[in-house]
Amino acid sequence: MIYVQLVVSGLLLGGVYALISIGLTLIFGVLRVVNFAHGEFLMVGMFAAYWLFQLWQIPVYLSALVMLPAFALFGYLVYRLVIRRTMGQGDAVQIFATVGIGVILQNAALVLWTGDFRTIRSAYADAIWRVGGVQVSVPLLVAFIVAVAVTGLLFLFLNRTMEGKAIRAVVQDPIAAMAMAINLDRIYLWTFTIGTCCVGLAGILLAPNYPIFPAIGISFGLVSFVVVVLGGLGSMVGALLGGLIIGLVEVFSGFFIATDLKQAFYFLVFVLVLVLRPQGLFGQRGAEMVGFGRLV
């Protein structure tokens with residue numbers, strides 16, 4: 001049963017990583033912008049869930065519905081004020097701009113809430129579901145289900161709606177898309193807003209499981225980059241499966257070898273994939289040029 005427990009724990013943890021990474025891979029796949037403030041967006045979501053619970057006793061899962069419009073507005077403002085101005089300005093400008101956003105958010109959180117660790121103390125935060133001798137964390141299970149559901153909804157959106165097809169058209173050939181009267185700026189705005197909502201939702205759902213402090217986004221942001229590159233740049237399904245793989249590697253290496261070395265092992269897997277298959281496990285060669293239209 002111990003192996004079953006490890007597999008279940010690894011898959012649940014991987015679902016958490018996948019949920020964080022979906023927004024990042026969507027933004028990169030369409031805008032070709034690597035958002036280095038992604039982890040800080042997650043941190044904002046966790047603090048939002050914490051303060052809604054502390055001040056007004058709003059349950060975490062209900063606060064997700066309350067905060068999604070706020071995150072959509074937040075993504076809209078960040079795109080309009082910063083990201084839009086960096087488009088076409090080169091990678092260095094985009095890197096410094098997104099890193100600057102992350103530094104501002106992290107230091108603003110330090111000023112407002114100090115560096116103290118905070119936790120959400122609720123009945124469901126430590127809820128365990130026991131199935132045949134296997135213990136399943138209910139909050140992590142919810143995050144896993146949401147990750148799968150969000151991936152499925154994005155897949156349907158990108159493949160079955162006119163807006164989604166317009167996004168894929170922009171990815172495959174922006175010039176041809178413009179010739180077909182597709183507004184590139186509007187597509188980029190939609191994509192960045194959706195990606196921001198995804199990572200904000202991830203932060204809210206993870207708030208009951210982890211301590212909340214201004215620097216927590218650094219570790220989760222780093223893992224999300226590993227997951228995105230491992231799964232294949234721009235691939236929704238790749239982000240989901242990549243997250244599950246990293247979760248399993250982390251749990252098994254932490255149990256059988258050493259807890260302190262678990263991050264080293266998934267980075268070893270990451271390096272091996274880059275060497276043997278640079279496009280990622282579920283990407284295609286040259287994906288950075290042809291986009292991800294049929295990879296989602």
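**Figure 1. F267 in helix α11 of the predicted model is partly exposed.** The relative accessibility of F267 is 25%, so this residue counts as partly exposed. Helix α11 covers residues 262–276 and includes F267. Beyond its neighbours within four places in sequence, F267 is in contact with L222 and V226. T114 lies elsewhere in the chain: 153 residues separate T114 and F267 in sequence, and their C-alpha atoms are 31 Å apart.

**Figure 2. Helices α1 and α10 cross obliquely.** Helix α1 spans residues 2–31 and helix α10 spans residues 236–256. Their axes come within 6 Å and cross at roughly 140°. An angle over 145 degrees would count as roughly antiparallel. The α1–α10 pair is therefore oblique. The crossing of α1 past α10 is right-handed. By class, 20 nonpolar, 8 polar and 1 charged residues make up the contact of α1 with α10.

**Figure 3. E250 is a buried residue of helix α10.** E250 has its place in helix α10. Its relative accessibility is 7%, so E250 counts as buried. Which residues does E250 contact, leaving aside its neighbours within four places in sequence? They are L13, Y17, K262 and Y266.

**Figure 4. Salt bridges join R80, R84 and D185 into one network.** The structure holds 2 salt bridges. One pairs R80 with D185, with the closest N and O atoms 2.8 Å apart. R80 belongs to helix α3 (residues 60–86) and D185 to helix α8 (residues 184–206), so this pair ties together parts 105 residues apart in sequence. A salt bridge also forms between R84 and D185, where the closest N and O atoms are 3.2 Å apart. This pair too links distant parts of the chain, with R84 in helix α3 and D185 in helix α8, 101 residues apart. Shared partners bring R80, R84 and D185 into one network. Are the arginines buried, exposed or partly exposed? R80 has 24% relative accessibility and so counts as partly exposed. R84, at 42%, also counts as partly exposed.

**Figure 5. M46 is buried in helix α2.** Helix α2 runs over residues 38–56 and holds M46. With a relative accessibility of 0%, M46 counts as buried. Not counting residues up to four places away in sequence, M46 touches G203, I204, L206, A207, Y210, P211, I212 and I216. One of these contacts, I216, is 170 residues from M46 in sequence. In space, the C-alpha atoms of M46 and I216 are 9.4 Å apart.

**Figure 6. T114 has a positive phi in a loop.** Most residues other than glycine have a negative phi. T114 is not a glycine, yet its phi is positive, near 60°. The loop holding T114 lies between α4 (91–113) and β1 (128–131). T114 counts as partly exposed because its relative accessibility is 37%.

**Figure 7. A181 has a positive phi and is exposed.** A181 is not a glycine, but its phi is positive, at about 70°. This residue lies in the loop between α7 (174–179) and α8. Is A181 buried or exposed? Its relative accessible area is 70%, so A181 is exposed.

Definitions and conventions. Residues numbered from 1 in each chain as written. Predicted model: local features only at pLDDT ≥ 70, side-chain atom pairs only at ≥ 80, totals over all residues. Heavy atoms only, no water. Axes fitted to C-alpha atoms, helices over the stretch in contact; angles between N-to-C directions. Helix = DSSP H or I, 4+ residues; strand = E, 2+ residues; numbered from the N terminus. Parallel < 35°, antiparallel > 145°, perpendicular 65-115°, else oblique. Left-handed = near helix turned anticlockwise from the far one by under 90°. Nonpolar A, V, L, I, M, F, W, Y, C, P; charged D, E, K, R; others polar. Buried < 20%, exposed > 50% of the residue type's maximum accessible area, 1.4 Å probe, protein only. Contact = heavy atoms within 4.5 Å. Salt bridge = Lys/Arg side-chain N within 4 Å of Asp/Glu carboxyl O.
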